Amino acid sequence: VEALRGLCQALGFETTLRTDPTAQAFQEELAEFRERLDTRSGPVSCALVALMAHGGPRGQLMGADWQEVHPEALQRELSHCRALRGCPKIFLLQACRGGEQHPSLLLRPKFPQPAPGDMEAEGQGLSLTLWPWSPDLGYVAYRDEKGSDFIQTLVEVLRAKPEGDLLELLTEVNRRVCEQDVLGPDCDELRKACLEIRSSLRRRLCLQA
């Protein structure tokens, strides 16, 4: 949390922290956030929401009261924000999707290299979904005394190149996380973690000019 807040402040975001919300408070906080944005006097360039909580096998998040809240409902809240019409809305989710653990096996498929000057067909559309390891199949998310591997790596990559294209930077974050070996909970075996990236961006997004 501290690493991510420091990054957001360095990038010029105004930050708000809510600790241990209930499931209802998740929704209420997003509604209040939307209202604050809509009543601002100045323009808003983008919004970033980081949700870090326990999670379930259907993608739901668990509040401090162990009641469920679905990220889609929180995303819809900001979709009604007048101040964010046409603006990027970034959601970072750090949560388990079940109790399964990836074995420490990293497959490296080989793809044909495009000829010089050729455009790659993949990635030229308006949306991007990256599912290297079917992350919807109920796997855990790892963390240790320094926090989550995902958030720490994200902060490291974005601090090193804040002017870079966000999707390219997230791909680099995914590569680094996938190449890490982590010690799974309650076992002595090394495990793997992997990210899922979804995007409907229509243009490049750089968080710092």
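**Figure 1. A small set of strands in this predicted model pairs up as an open sheet.** Let us begin with the strands. Three of them, in the order E2-E3-E4, make an open sheet with antiparallel pairing. Which strands sit at the edges? They are E2 (54-55) and E4 (68-69), and each of these pairs on one side only.

**Figure 2. Strand E3 is joined to strand E4.** Now take a closer look at one pairing in the sheet. How many bridges join E3, residues 61-62, to E4? There are 2 bridges, and the two strands run antiparallel. To follow one of the partners, find Met62: its bridge partner in E4 is Glu68.

**Figure 3. Helices H2 and H3 pack against each other.** Here you can follow H2 (residues 23-38) alongside H3 (residues 71-79). Their axes lie 9 Å apart, and the packing angle is about 15°. Angles under 35 degrees count as roughly parallel, and H2 and H3 are therefore roughly parallel to each other. H2 passes H3 in a right-handed crossing. On the H2 side, the residues that meet H3 are Phe26, Gln27, Leu30, Ala31, Phe33 and Arg34. On the H3 side, look for Ala73, Leu74, Glu77 and Leu78. Sorted by character, the residues of this contact of H2 with H3 comprise 7 nonpolar, 1 polar and 2 charged.

**Figure 4. A salt bridge links Glu29 and Arg18.** The structure holds 11 salt bridges, and this view shows one of them, between Glu29 and Arg18. How far apart are the closest N and O atoms of this pair? They are 2.9 Å apart. Glu29 belongs to helix H2, while Arg18 lies in the loop between H1 (2-10) and H2, so the pair ties together parts that are 11 residues apart in sequence.

**Figure 5. Helix H1 meets helix H4.** The axes of H1 and H4 (residues 149-160) come within 9 Å and cross at roughly 25°. That angle makes H1 roughly parallel to H4. Is the crossing left-handed or right-handed? H1 passes H4 in a left-handed crossing. To find the contact, start with Ala3, Leu4, Gly6, Leu7 and Ala10 of H1. Then look to Ile151, Gln152, Leu154, Val155, Leu158 and Arg159 of H4. The residues of the contact of H1 with H4 divide into 8 nonpolar, 2 polar and 1 charged.

**Figure 6. Helix H4 also packs with helix H5.** In this last view, H4 is shown with H5 (residues 166-179). The two helices pack at an angle of about 130°, and their axes are 9 Å apart. H4 and H5 are therefore oblique to each other, and their crossing is right-handed. From H4, the contact takes in Asp149, Phe150, Thr153, Leu154, Glu156, Val157 and Leu158. From H5, Leu166, Leu169, Leu170, Glu172, Val173, Arg176 and Val177 take part. What kinds of residue make up the contact of H4 with H5? There are 9 nonpolar, 1 polar and 4 charged.

Conventions: Residues numbered from 1 in each chain as written. Predicted model: local features only at pLDDT ≥ 70, side-chain atom pairs only at ≥ 80, totals over all residues. Heavy atoms only, no water. Axes fitted to C-alpha atoms, helices over the stretch in contact; angles between N-to-C directions. Helix = DSSP H or I, 4+ residues; strand = E, 2+ residues; numbered from the N terminus. Parallel < 35°, antiparallel > 145°, perpendicular 65-115°, else oblique. Left-handed = near helix turned anticlockwise from the far one by under 90°. Contact = heavy atoms within 4.5 Å. Nonpolar A, V, L, I, M, F, W, Y, C, P; charged D, E, K, R; others polar. Pairing = 2+ DSSP bridges. Salt bridge = Lys/Arg side-chain N within 4 Å of Asp/Glu carboxyl O.
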